[in-house]
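Student: I'd like a close look at one part of this model. Could you pick a residue, start from what surrounds it, and then walk me outwards?

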Amino acid sequence: MRAPSSVANTLVNLSIWETVESLFKFTYNSKHAQVYEQRADWFKQRNRPNYVLYWAPSGQLPTEREVKERLDHLIQHGPSPHAFTFKSRFSIEEMLAFEVE
């Protein structure tokens, strides 16, 4: 997946997981964790979130535009059921009850 044209020098990495817990386990408790620890060697560190988590309907493939909108929402409004991080997680039930501003 290529980066949205409005964002230069951006790497978009999209994966779909059934649970936040399984993604967390893969990210921090597998061989992937060794590579993930070296991310500061390859990427510029910023004072804002550089990833976003959110619930999507089963079978629906997210688009680049949707991912960027969710990340922008997280940056502008902080974690919510619409867009969150590992540190601030929300359930599917919370997402269904949430209304985007």
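Tutor: Happy to! Let's start at E66: beyond its neighbours within four places in sequence, E66 is in contact with Y54 and Q60. Keep in mind that this is a predicted model. E66 belongs to helix α4, which covers residues 64-77. Is E66 buried or exposed? Its relative accessibility is 17%, so E66 counts as buried, the cut-off being under 20%.

Now let's widen the view to the helix itself. With 14 residues, α4 reaches 20 Å from its first C-alpha to its last, close to the 20 Å expected at 1.5 Å a residue. E66 has company among the buried residues of α4: V67, R70, L71, H73 and L74 are buried as well. These buried residues cover an arc of only 155° around the axis, so they sit on the same side of α4. A general point helps here: an α-helix has 3.6 residues a turn, which means that residues three or four places apart point the same way. On the face turned away from the buried side, α4 carries the exposed residues R65 and Q76. After the helix comes G78, whose phi is positive, near 80°.

Past that point, the aromatic rings are worth your time. A pair of aromatic rings is described by the distance of the centres and the angle of the planes. The count here comes to seven aromatic pairs. One of them joins F24 and F86, with 5.2 Å centre to centre and 80° between the planes, an edge-to-face arrangement. This pair links distant parts of the chain: F24 lies in helix α1 (residues 20-28), F86 lies in the loop between α4 and α5 (92-97), and 62 residues separate them. The two partners can also be described by their accessibility: F24 is partly exposed, with a relative accessible area of 30%, whereas F86 is buried, at 10%.

Another pair is formed by F84 and F90, whose ring centres are 6.0 Å apart. Their planes meet at 65°, so this pair is edge-to-face, because planes over 60 degrees apart count as such. F84 is buried, with a relative accessible area of 1%.

Back at F24, ring pairs link F24, Y28, Y51 and F86 into a cluster. F24 also has a charged partner: R89 lies over the face of the F24 ring, at 4.9 Å from the ring centre.

Definitions and conventions
Residues are numbered from 1 along each chain as its sequence is written. This is a predicted model: local features need pLDDT of at least 70, side-chain atom pairs count only at pLDDT 80 or more; totals for chains, interfaces and linings use all residues. Side-chain values use heavy atoms; hydrogens and water are left out. Helices (H or I, at least four residues) and strands (E, at least two) are DSSP runs, numbered from the N terminus. Buried means under 20% relative accessible area, exposed over 50%, partly exposed in between (1.4 Å probe, protein chains only). Contact means heavy atoms within 4.5 Å. Rings of Phe, Tyr and Trp (its six-membered ring) pair if their centres lie within 6.5 Å; planes under 30 degrees apart count as stacked, over 60 as edge-to-face and the rest as tilted. A charge sits over a ring if NZ of Lys or CZ of Arg is within 6 Å of the ring centre and within 35 degrees of the ring normal. The expected span of a helix is 1.5 Å times one less than its number of residues. The arc is that of the directions from the helix axis to the C-beta atoms.
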